[in-house]
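Welcome, and please open your viewer with the cartoon display switched on. We will go from one selection to the next, and at each stop you can look around before moving on.

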Amino acid sequence: PPRSIVRRGLRLSRCDAVAIVDREPQRDEAEYRQAISVLLSATTSFVAIDVDNELAFELSAGILAPRVLLVSRDAEHPRVIEPLAYGRCAMVTTDSDDGEQVELRRGAETVISFPLKALIALAKAADPEVVVRDAMFALALACAAGLAPDQLRAAATRRSGAALAHTNQES
């Protein structure tokens, strides 16, 4: 939570990757801004952010573009289209003849694509939307960690859900 990051720090000097999944500050915006700044400055590799999080999107603008992975359920979101035009990466959902797809894009290239229903199948009793968002962030970070497209596809479609296990983290 942002408050504990601000008060105690991360309790480590650096981290390889971070996902900022909130769409907006939970409570105090100044505290949230400070927590995101701490996370961004401690991250040595990739940062995955939800494009709907205006504050995280604004603060990540100072990071080298190749380090930012955008995540959006809308492939036509203005905050996705422009960065993709410059070769950045985004995890998005799209419509196709085979149904809705989850795609990892790097510029105009689709690095990996698989059916959204494969992620929803993992949802079981959990809210499918939450599972899909969590899985999209997990896959974005797995890509940042260097997993090959076949490994990402296997992780995303594994019915056991071990690689994309959903845990309800709401408090």
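The stops below go from the sheet to a pair of strands, then to a helix and a single residue.

**Stop 1: the sheet.** Keep in mind throughout that this is a predicted model. Colour the strands first: six of them form an open sheet, in the order β1-β2-β3-β4-β5-β6, with mixed pairing. Select residues 15-20 for β1 and 109-115 for β6; these are the edge strands, each pairing on one side only. If you look along the sheet, the twist from one strand to the next averages 20 degrees.

**Stop 2: strand β4.** Now select residues 89-96, which make up β4. Is this strand mostly covered or uncovered? It is mostly covered, as six of its eight residues are buried.

**Stop 3: the neighbour β3.** Add residues 68-72, strand β3, to your selection. β3 and β4 run parallel and are joined by four bridges. To see where they meet, show L70 with its bridge partner A90 in β4, then V71 with its partner M91. Following the chain from β3 to β4 takes you through helix α4 (residues 78-85), and this β-α-β crossover is right-handed.

**Stop 4: helix α4.** Stay on the helix and show the side chains of V80, P83 and L84, which are buried in α4. Why do they sit on the same side of α4? They cover an arc of only 100 degrees around the axis, so they share one side of the helix. The cover over the buried residues of α4 includes β3, β4 and β5. Turn to the face away from the buried side and you will find the exposed residues P78, E82 and A85. Just after α4, pick G87, which takes a positive phi of about 90 degrees.

**Stop 5: the hairpin.** Go back to β4 and add β5, residues 99-106. A hairpin links β4 to β5 through two residues. The two strands pair in the antiparallel sense over eight bridges. One pair to display is C89 and its bridge partner in β5, R106.

**Stop 6: Q101.** Finish by selecting Q101, found in strand β5. Is Q101 buried or exposed? Its relative accessibility is 10%, so Q101 counts as buried, the cut-off being under 20%. Which residues does Q101 touch, leaving out those up to four places away in sequence? Show V92, T93, T94 and S96, then S113, F114, P115 and L116, and you have its contacts on view.

Methods. Residues numbered from 1 in each chain as written. Predicted model: local features only at pLDDT ≥ 70, side-chain atom pairs only at ≥ 80, totals over all residues. Heavy atoms only, no water. Buried < 20%, exposed > 50% of the residue type's maximum accessible area, 1.4 Å probe, protein only. Contact = heavy atoms within 4.5 Å. Pairing = 2+ DSSP bridges. Right-handed = clockwise from strand over helix to strand, strands pointing away. Arc of directions from axis to C-beta. Axes fitted to C-alpha atoms, helices over the stretch in contact; angles between N-to-C directions.
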